[in-house]
Amino acid sequence: KLNCVIIDGFGKGYGFKNGMPVNGINHSWNAIEFNNKWHLIDATWGSGYAENINGKAVSKFRFCDYWFDVNPKEFIFNHFPDSSKYQFLPKVYTREQFRKLIYVEANAVFAMGFSLDSLLLNIKANPNFQLPEVYNPGKIDFKFETLPMSKKLNSKSTYNFKFISKSTDETKFVLLNNNNLIEFEKSEDLKFIKNVNNLVPGMLHFGKLSDSQIEIIISYEVL
């Protein structure tokens, strides 16, 4: 027998933008207790996403295992329970603190390897901190060990990108700095490492190269 509760609260979901109000209840999710620990689950978000089609939100099926047993410290970025006991955090957030938390697509950002601890430190040091633009590719078959956390990069600095790929095909990962294409080389242990410097002011994109097309996944601004 498992203890399971339905939790009502506010979810920063489809259409949400930083600064929007987070009043009332607009979503529900679950917590299940086993092995003397509560585990957070959002089966709704785990089953798919909403897409804007002709001005209407249309549900699209796309299974996402991230939303089944989520770290409470990550869950709070998108979910605010009406009862604070269901945050399952040693120090609970107020609704106003939740409103001020930057909006992140957690199932993409944290699944890709963006460091939760680094993110929290950056937010604490700079309330106006911004992550780079992250575009959810659906299937996330890589995970970063190191990458720049801030949206804005200095053209005179050096930045390290290091990640592990779970892909079994010949996926080509690249960086695109304006028109300069930088390819990653895969090592025997499926790790990709690239130090970049002398960047040209403009944009720096990380993505996958296929048939001369780049699927952009992360975008930075180079100043």
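Here are some notes on this predicted model, point by point.

1. Confidence first. The chain averages a pLDDT of 90, and 97% of its residues reach 70 or more. Among the elements, strand 7 (residues 79–81) comes out highest with a mean of 98, while strand 4 (residues 48–53) sits lowest at 70. Where pLDDT is low, the predicted coordinates should not be read in detail. Strand 4, with its mean of 70, is the element to keep in mind here.

2. Now the aromatics. The count comes to 27 aromatic pairs. One of them joins Phe-16 and Tyr-103 in a tilted arrangement, 5.8 Å centre to centre with 50 degrees between the planes. Phe-16 belongs to the loop between strand 1 (3–11) and strand 2, and Tyr-103 to the loop between helix 3 and helix 4 (106–109), so this pair ties together parts that are 87 residues apart in sequence. Phe-16 is buried at 7% relative accessible area, whereas Tyr-103 is partly exposed at 27%.

3. Have a look at Phe-163 and Phe-192 too. Their rings are stacked, with 4.8 Å between the centres and 5 degrees between the planes. Here as well the pair links distant parts of the chain: Phe-163 is in strand 11 (residues 159–165) and Phe-192 in strand 14 (residues 191–196), 29 residues apart. Both rings belong to buried residues, Phe-163 having 0% relative accessibility and Phe-192 having 2%. Both are also members of one aromatic cluster, which includes Phe-142, Phe-144, Phe-161, Phe-173, Phe-184, Phe-206 and Tyr-220 as well.

4. Not every Phe is tucked away. Phe-61, Phe-63 and Phe-68 make a nonpolar surface patch of about 380 Å². Phe-63 sits in the loop between strand 5 (56–61) and strand 6 (68–70). Phe-63 counts as exposed because its relative accessibility is 55%, and the cut-off for exposed is over 50%.

5. On to charges: the structure holds 9 salt bridges. In one of these, Arg-95 pairs with Asp-82, the closest N and O atoms being 3.5 Å apart. Arg-95 is in helix 3 (residues 95–100) and Asp-82 in the loop between strand 7 and helix 3, so the bridge ties together parts 13 residues apart in sequence. Arg-95 is partly exposed, at 24% relative accessible area.

6. Helix 3 has a bridge of its own. Lys-100 pairs with Glu-96, with 3.9 Å between the closest N and O atoms. The two are 4 residues apart in helix 3, which means about one helical turn separates them. Lys-100 is exposed at 58% relative accessibility, and Glu-96 is partly exposed at 39%.

7. Which residues are linked in a network of salt bridges with Lys-151? They are Glu-133, Lys-152 and Glu-221. The side chains of Lys-151 and Glu-133 meet at 3.5 Å, N to O. That pair links distant parts of the chain, with Lys-151 in the loop between strand 9 (142–146) and strand 10 (152–153) and Glu-133 in strand 8 (residues 133–134), 18 residues apart. Lys-151 is a buried lysine, at 13% relative accessible area, while Glu-133 is partly exposed at 38%.

8. Last, Ile-32, which is placed in strand 2 (residues 27–34). Leaving aside residues up to four places away in sequence, Ile-32 touches Leu-2, Asn-3, Cys-4, Lys-37, Trp-38, His-39 and Ile-41. The C-alpha atoms of Ile-32 and Ile-6 are separated by 9.1 Å, the two residues being 26 apart along the chain.

Key
Residues numbered from 1 in each chain as written. Predicted model: local features only at pLDDT ≥ 70, side-chain atom pairs only at ≥ 80, totals over all residues. Heavy atoms only, no water. Patch = residues over 30% accessible without salt bridge, like charges linked within 9 Å, V, L, I, M, F, W, Y side chains within 5 Å. Areas by Shrake-Rupley, 256 points an atom, 1.4 Å probe, with all protein chains shown as cover. Salt bridge = Lys/Arg side-chain N within 4 Å of Asp/Glu carboxyl O. Buried < 20%, exposed > 50% of the residue type's maximum accessible area, 1.4 Å probe, protein only. pLDDT = per-residue confidence, 0-100. Contact = heavy atoms within 4.5 Å. Phe/Tyr/Trp six-rings, centres within 6.5 Å; stacked < 30°, edge-to-face > 60°.
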